[in-house]
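Me: Please take a close look at one charged contact in this model and at the parts around it. I would like a connected account that starts from that contact and works outwards.

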Amino acid sequence: DMTLCIAAECYDHEKSAVVLCRDWQARKGSTTSDDAYKQRDFEESGRMCYVLFAGSPTRADHLLTACEPSIREFMRKKNPDDTDIDTDKLLQDLKTVTREVRRTLIEDWVLMTLNMEFSEFRKHGRNELLESHYHDVWETIRRYDIGAELLVTLFDAERESVIIRTDGLGEVFWEADYAIIGTGGEMARSFLCQLDYDPHE
């Protein structure tokens, strides 16, 4: 079993466009289902944003809700001369929001797992826990996965497509040509990397 979402830039009669491909599989509790609609669309200032997600639908919707104000602000930009600056600002804003979401989830996990606030764990954890347990907790925090990935596809003030990918560790990437998320992402990426990809074709 695997999940897969792909966003690929292309041109339709010389007009910038994005092709989206997604499956219907999502995790629901300890099981998976094949009835999840893994796309969210919204409009702002006459421009559309299409978002695909992989992972937990609840986590993905929570993350997208946190990211939406920054995305809408970008969609309101109208000066074509500032598109690179505007896109870079969007990228930085999404990094800030995504890392904040991850930090909140980590704080909740620490509270539920250790019955102590994260700040208390940082101050007193070394003294109150066995050393091996203390280091295990920090290792889990270091590798803590949000449980959701997003592919945000939208258009800048020049009407050129922009693809931004978030990963489970809170990193955000401005992708060129195409982007892939989901448990089948690495396999799909290895195939696509071997193609002579040209958005104009």
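Reply: Glutamate 44 and arginine 72 form a salt bridge in which the closest N and O atoms are 2.8 Å apart (a salt bridge is a side-chain nitrogen of Lys or Arg within 4 Å of a carboxyl oxygen of Asp or Glu). Since glutamate 44 belongs to strand β5 (residues 39-44) and arginine 72 to helix α1 (residues 57-75), the pair ties together parts that are 28 residues apart in sequence. Helices (H or I, at least four residues) and strands (E, at least two) are DSSP runs, numbered from the N terminus.

The model is predicted: local features need pLDDT of at least 70 and side-chain atom pairs count only at pLDDT 80 or more, whereas totals for chains, interfaces and linings use all residues. Residues are numbered from 1 along each chain as its sequence is written, and side-chain values use heavy atoms, with hydrogens and water left out.

The acidic partner of this contact is covered: glutamate 44 counts as buried because its relative accessibility is 17%. Here buried means under 20% relative accessible area, exposed over 50%, and partly exposed in between (1.4 Å probe, protein chains only).

The backbone around glutamate 44 leads on to strand β6 (residues 47-55). Strands β5 and β6 run antiparallel and are joined by 6 bridges (two strands pair if DSSP finds at least two bridges between them). Within this pairing, glutamate 44 has arginine 47 of β6 as its bridge partner. The two strands form a hairpin with 2 residues between them, and serine 45 there takes a positive phi near 55°. Glutamate 44 thus has a side-chain partner in arginine 72 and a bridge partner in arginine 47.

From β6 the path continues to strand β7 (residues 148-155). The pairing of β6 with β7 is antiparallel and extends over 6 bridges; one position in it sets alanine 54 opposite glutamate 149 of β7. Methionine 48 also has its place in β6. The C-alpha atoms of methionine 48 and leucine 154 are 6.2 Å apart in space, although 106 residues separate them in sequence. Methionine 48 counts as partly exposed, because its relative accessibility is 27%. Strand β7 is mostly covered, with 7 of its 8 residues buried.

Strand β7 is in turn joined to strand β8 (residues 161-166) by 6 bridges, and these two strands run antiparallel. Threonine 153 has isoleucine 163 as its bridge partner in β8. The hairpin of β7 and β8 has 5 residues between the strands, and arginine 159 in the turn has a positive phi of about 65°.

Strand β8 brings the account back to charged side chains. Glutamate 175 forms a salt bridge with arginine 165, the closest N and O atoms lying 2.6 Å apart. Because glutamate 175 is in strand β9 (residues 172-175) and arginine 165 is in β8, this pair ties together parts that are 10 residues apart in sequence. Glutamate 175 and arginine 165 are both buried. Returning to the starting contact, salt bridges that share partners join Glu44, Glu68, Arg72 and Arg76 into one network.

A further salt bridge, within a helix, offers a useful comparison. Glutamate 100 and arginine 103 are bridged with their closest N and O atoms 2.6 Å apart. Both residues lie in helix α2, 3 residues apart, which is about one turn of the helix. Glutamate 100 is partly exposed, its relative accessible area being 37%, and arginine 103 is likewise partly exposed at 37%. Arginine 103 and threonine 183 are 80 residues apart along the chain, and their C-alpha atoms are separated by 23 Å. Helix α2 spans residues 83-114 and also contains aspartate 88, which counts as partly exposed because its relative accessibility is 36%.

These local details belong to the following overall picture. The count of salt bridges comes to 14. The secondary structure of the protein comprises 5 helices and 10 strands. Of the 201 residues, 46% count as buried. Taken along the principal axes, the C-alpha atoms fill a box of roughly 65 × 40 × 30 Å.
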